[in-house]
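Student: I should like to learn how to read the features of a protein model in a systematic manner. May we take one and work through it together?

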Amino acid sequence: MRIGVDAGGTFTDFVVLHDDGRMETFKIRSNPANPAQVILEGLERAAGRQRAEVVHGSKVATNALLERKGARAAFVTTAGFEDLLEIGRQNRAELYNLTPAPRRLLADPRLCFGVRERAYHDGTIAERPSAAEMAKLAARLRRARVRAVAVCFLHSYRNAANERAVEKALRAALGADGVYICSSHEISPEFREYERSSTTFVNAYVGPLMEGYLEQLSRARGYRIAKQNGIEGEINPRRMVPSLDRFHTPRLRRRTRTSSRRSRGAQARSRQTCRRRLPWLPRAPPVRWVAAKPTRATRSHASVSSRSSARLAD
């Protein structure tokens, strides 16, 4: 028996292919507060005590991000770069507006903390975080009552020693409180600080929600699952990672990486694809050359010019 599950915001759809070739479909009302319970209820209804292979797709993390219903997350970075997520890139919705409306940030600026450490672009460690610095950071995070922490230091994609040290200290200090902690060298070990930091923070923002969701699904027995990227295995948090949501848990040690070396031809094709999918982007109007009809002024000017040319020739 094979079962397909699509967990949506309103309904959770189930498609059941029986061993004799019969196909059955049904819907169950989704429960955004507990989506795993709906999935387990549908699997029980479809398969009962039989063993089944399950194809699962979920938008739990995506909906939490779009609706801004994630966890209270903190951002920990190199001292002096606490406003990295707020500054972002120089992309602006209104290019010539000198007083644009401020963006609604996903990260609370009051929950952005700096640590005195430094790694150079070649991976050389110039300064390591001290034990007193890490203890002070843990105390500040505990007072802030955060549920998740994203750690992202400069150039940690080349050398993650400082990130690992801070992550280990925070786990020892906050692990008993159930705080979810992730680091950029595990989530997106690529250069460009804003992209790496924002990806890591989003992972921390939805991490506690996804961790509870996957833990509840891991209690299901007798099912084999192929998630969105087709990897099969028993339902458990170690393997069932939403491949489209870029989610990572400390036990998964899964890295979702994209190559940063693309050819110019690939970049050109990417721009063309963006133009086709985003037709509202401004573009220069095509230039059309149209032959103008002669007017009385142009005819008189042409006749004067011809007479002057004739006199010069004489």
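Tutor: Let us begin with a term: a residue is called buried when its relative accessible area is under 20%, exposed when the value is over 50%, and partly exposed in between. Please keep in mind that this is a predicted model.

Student: How many residues of strand β9 are buried?

Tutor: Strand β9 spans residues 148-152, and 5 of its 5 residues are buried.

Student: How should one think about the two sides of such a strand?

Tutor: In a regular strand, side chains alternate between the two faces of the sheet. In β9, one side carries Ala148, Ala150 and Cys152, the other carries Val149 and Val151, and both faces are covered.

Student: In which sense does β9 pair with strand β5?

Tutor: The pairing of β9 with β5 (residues 73-78) is parallel and comprises 5 bridges. Within β5, alanine 73 is found opposite alanine 148 of β9. Strand β10 (residues 180-183) also runs parallel to β9, joined by 4 bridges; there, cysteine 182 is the bridge partner of alanine 150.

Student: Which unit do β9, helix α5 and β10 make?

Tutor: Together with helix α5 (residues 161-174), the strands β9 and β10 make a β-α-β unit that is right-handed.

Student: Let us turn to aromatic rings. How many aromatic pairs does the whole structure hold?

Tutor: The search finds 2 aromatic pairs. A pair counts as stacked when the ring planes are under 30 degrees apart. Phenylalanine 14 and phenylalanine 26 are stacked, with 4.9 Å between centres and 10° between planes. This pair links distant parts of the chain, since phenylalanine 14 belongs to strand β2 (residues 11-17) and phenylalanine 26 to strand β3, 12 residues apart. Phenylalanine 14 counts as buried because its relative accessibility is 1%, and phenylalanine 26 counts as buried because its value is 8%.

Tutor: Phenylalanine 201 and tyrosine 205 are also stacked, at 6.5 Å centre to centre and 25° between the planes. Both residues lie in helix α7 (residues 193-217), 4 residues apart, which is about one turn of the helix. Phenylalanine 201 and tyrosine 205 are both buried.

Student: What is the general idea behind a salt bridge, and how many does the structure hold?

Tutor: Side chains of opposite charge can pair when their charged atoms come close. The structure holds 11 salt bridges. In one of them, arginine 2 meets glutamate 53, with the closest N and O atoms 3.7 Å apart. The two residues come from distant parts of the chain: arginine 2 is in strand β1 (residues 2-7) and glutamate 53 in strand β4 (residues 52-58), 51 residues apart. Arginine 2 is partly exposed because its relative accessible area is 46%, and glutamate 53 is partly exposed because its value is 32%.

Student: Why does lysine 69 count as exposed or buried?

Tutor: Lysine 69 counts as exposed because its relative accessibility is 58%. Its side chain forms a salt bridge with that of glutamate 67, at 3.3 Å from N to O. Glutamate 67, at 47%, counts as partly exposed.

Student: Which residues form a nonpolar patch on the surface?

Tutor: The patch consists of Val15, Leu17 and Met23, which together have about 270 Å² of accessible area. Methionine 23 lies in strand β3 (residues 23-29), and methionine 23 counts as exposed because its relative accessibility is 60%.

Terms used: Residues numbered from 1 in each chain as written. Predicted model: local features only at pLDDT ≥ 70, side-chain atom pairs only at ≥ 80, totals over all residues. Heavy atoms only, no water. Patch = residues over 30% accessible without salt bridge, like charges linked within 9 Å, V, L, I, M, F, W, Y side chains within 5 Å. Areas by Shrake-Rupley, 256 points an atom, 1.4 Å probe, with all protein chains shown as cover. Salt bridge = Lys/Arg side-chain N within 4 Å of Asp/Glu carboxyl O. Buried < 20%, exposed > 50% of the residue type's maximum accessible area, 1.4 Å probe, protein only. Pairing = 2+ DSSP bridges. Right-handed = clockwise from strand over helix to strand, strands pointing away. Phe/Tyr/Trp six-rings, centres within 6.5 Å; stacked < 30°, edge-to-face > 60°.
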